[in-house]
Amino acid sequence: MSRIEIPLDAPTYVAGHRGLVGSALVRRLKREGFVNVLTIDRQEVDLRDPTAVEAWFHVHRPQYVYLAAGTVGGILANSTRPAEFIYDNIMIHANVVKASYKFHVKKLLYLGSSCIYPRNCPQPIKEEYLLTGPLEWTNEPYAIAKISGIKMCQAFRKQYGCNFFSAMPTNLYGENDNFDLKSSHVLPALIRKFHEAKMSGIKSVAIWGTGSPRREFLNVDDLADACVFLMKHYEGDEHVNVGTGEDLTIAELADLVRQIVYPDAKIEFDTSKPDGTPRKLLDVSRLHALGWRHQVELQNGIQRTYQWFQTRVQLRVAAS
Ligand SMILES: NC(=O)c1ccc[n+]([C@@H]2O[C@H](COP(=O)([O-])OP(=O)(O)OC[C@H]3O[C@@H](n4cnc5c(N)ncnc54)[C@H](OP(=O)(O)O)[C@@H]3O)[C@@H](O)[C@H]2O)c1
């Protein structure tokens, strides 16, 4: 299998470095010894602003780019802020991809999402199912933005020969996750709900929907490892699914979190709330064929994430 040598001092830009994915990428790159990891706060460069993005690229000249910035969230955030989800995400990748082309970035990895696939496509989901049917309505604006990011990488590759490609992660979780119940994804939301129920002695925890949808979860440290692996080993123009290839129902997931966080709790399903797509399991055979597999199993990953969450809560209490 081909391997691209990336010097450890190559200027490597991680866009979105404070987020779940970006922070894991920075940790992963630094652990390997990359000494020139570039980051910039949103207050200094808003990636929706083309002039600011170009000016930053002009000065810093990254050679490798991991594009992990975006407006991201669960069902509630997607359904209440659809304009932000489509506008922010399209602007961010349009500006970063264009500047990467203009300033001769050697390779760019764009982070998409498994919600780009049609709502009712066959399972597990192969990369080629993209654009073969209607999308899930609860996150359609976000999915359309993400699809345009994949197509933008392919279009710049086709017209200008840019080495840009996309990775499609499944649902992620881990250190630095968003635990705000108004915008979080299902796994951090479950951790927080069970934790708060335990702290206040409430015995029942309500879960959105029927609990029957099936979902796949990947620890973000595994995702970061896969991204660095793809940067070194993948030269194709098709996007690559990144997941574990294993799924479980939301009810099973809730029970796993209950056992780890608050075994005395009971789970209640709020069936007035929407379920979302019935099943979302990625076919990861393309990634496996390249030689990468996940390392962190779900139970262990949830335990680690809960430890991180508790430390963060304790730090916040100590600081207040
Ligand atoms: N989380 C998941 O389960 C998941 C699953 C599949 C794919 N992905 C993809 O992975 C990527 C990153 O997701 P994430 O979960 O890491 O999101 P996140 O934790 O919300 O982080 C997003 C990052 O983007 C930055 N950002 C947002 N808007 C910006 C702007 N206008 N200018 C500059 N920076 C901006 C944020 O900066 P601040 O810190 O300043 O807010 C933050 O650092 C997204 O493309 C998403 O589609 C995520």
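In this predicted model, the ligand meets the backbone of the protein at Leu 111, where a polar backbone atom is 3.3 Å from one of the ligand's oxygen atoms. Leu 20 offers a second backbone contact, with an N or O atom lying 2.9 Å from a ligand oxygen. Arg 18 takes part through its side chain instead, an N or O atom of which is 3.1 Å from an oxygen atom of the ligand. How much of the ligand does the protein bury? Taken alone, the ligand exposes 900 Å², and 88% of that area is buried by the protein.

The surroundings of the ligand comprise 25 residues, of which Leu 20, Val 21, Arg 42, Tyr 142 and Lys 146 come nearest. By character, this shell divides into twelve nonpolar, eight polar and five charged residues. Three elements of secondary structure each supply at least two residues of the shell: helix α1 (20-32), helix α5 (140-160) and strand β6 (171-173).

Attention now turns to two strand residues. Met 168 belongs to strand β5, which covers residues 164-169. With a relative accessible area of 0%, Met 168 is buried. Which residues does Met 168 touch, not counting those up to four places away in sequence? The list consists of Gly 112, Ser 113, Ile 116, Tyr 117, Ile 150, His 239, Val 240, Asn 241, Val 242 and Leu 282. One of these, Val 240, is 72 residues away from Met 168 along the chain, yet the two C-alpha atoms are separated by 5.9 Å.

Asn 219 is found in strand β9, residues 217-219. This asparagine counts as buried because its relative accessible area, 2%, is under the 20% cut-off. Leaving aside neighbours within four places in sequence, Asn 219 is in contact with Tyr 173, Gly 174, Val 296, Gly 301, Arg 304 and Thr 305.

The cysteines come next. A disulfide is a covalent bond between the sulfur atoms of two cysteines. How many disulfides does the structure hold? The number is zero. Cys 115 is in no disulfide, and the nearest cysteine sulfur to its own, that of Cys 121, is 12 Å away. Why is there no bond from Cys 121 to Cys 115? The sulfur of Cys 115 is the closest cysteine sulfur to that of Cys 121, but the 12 Å between them is too far for a bond. Both residues lie under the 20% cut-off for burial: Cys 115 has a relative accessible area of 6%, and Cys 121 has a relative accessibility of 8%.

A final stop is Glu 235, in the loop that runs between α7 (220-233) and β10 (240-242). Is Glu 235 buried or partly exposed? At 41% relative accessibility, Glu 235 counts as partly exposed, because this value falls between the cut-offs of 20% and 50%. Apart from neighbours within four places in sequence, Glu 235 is in contact with Ile 4, Lys 107, Arg 157 and Asn 163. Two of these contacts involve polar pairs of side chains. The side chains of Glu 235 and Lys 107 are joined by a polar contact of 2.6 Å, while a polar contact with the side chain of Asn 163 spans 3.4 Å. Another glutamate, Glu 140, is 95 residues from Glu 235 in sequence, and their C-alpha atoms are 29 Å apart in space.

Key
Residues are numbered from 1 along each chain as its sequence is written. This is a predicted model: local features need pLDDT of at least 70, side-chain atom pairs count only at pLDDT 80 or more; totals for chains, interfaces and linings use all residues. Side-chain values use heavy atoms; hydrogens and water are left out. Helices (H or I, at least four residues) and strands (E, at least two) are DSSP runs, numbered from the N terminus. Buried means under 20% relative accessible area, exposed over 50%, partly exposed in between (1.4 Å probe, protein chains only). Contact means heavy atoms within 4.5 Å. A residue is near a molecule or strand if one of its heavy atoms lies within 4 Å of it. A polar contact is a pair of N or O atoms within 3.5 Å; within protein, one must be able to donate a hydrogen and the other to accept it, and residues adjacent in sequence count only if both atoms are side-chain atoms. Accessible areas come from the Shrake-Rupley method with a 1.4 Å probe; for residues, only the protein chains shown count as cover. Ala, Val, Leu, Ile, Met, Phe, Trp, Tyr, Cys and Pro count as nonpolar, Asp, Glu, Lys and Arg as charged, and the others, Gly among them, as polar. A disulfide is a pair of cysteine sulfur atoms within 2.5 Å.
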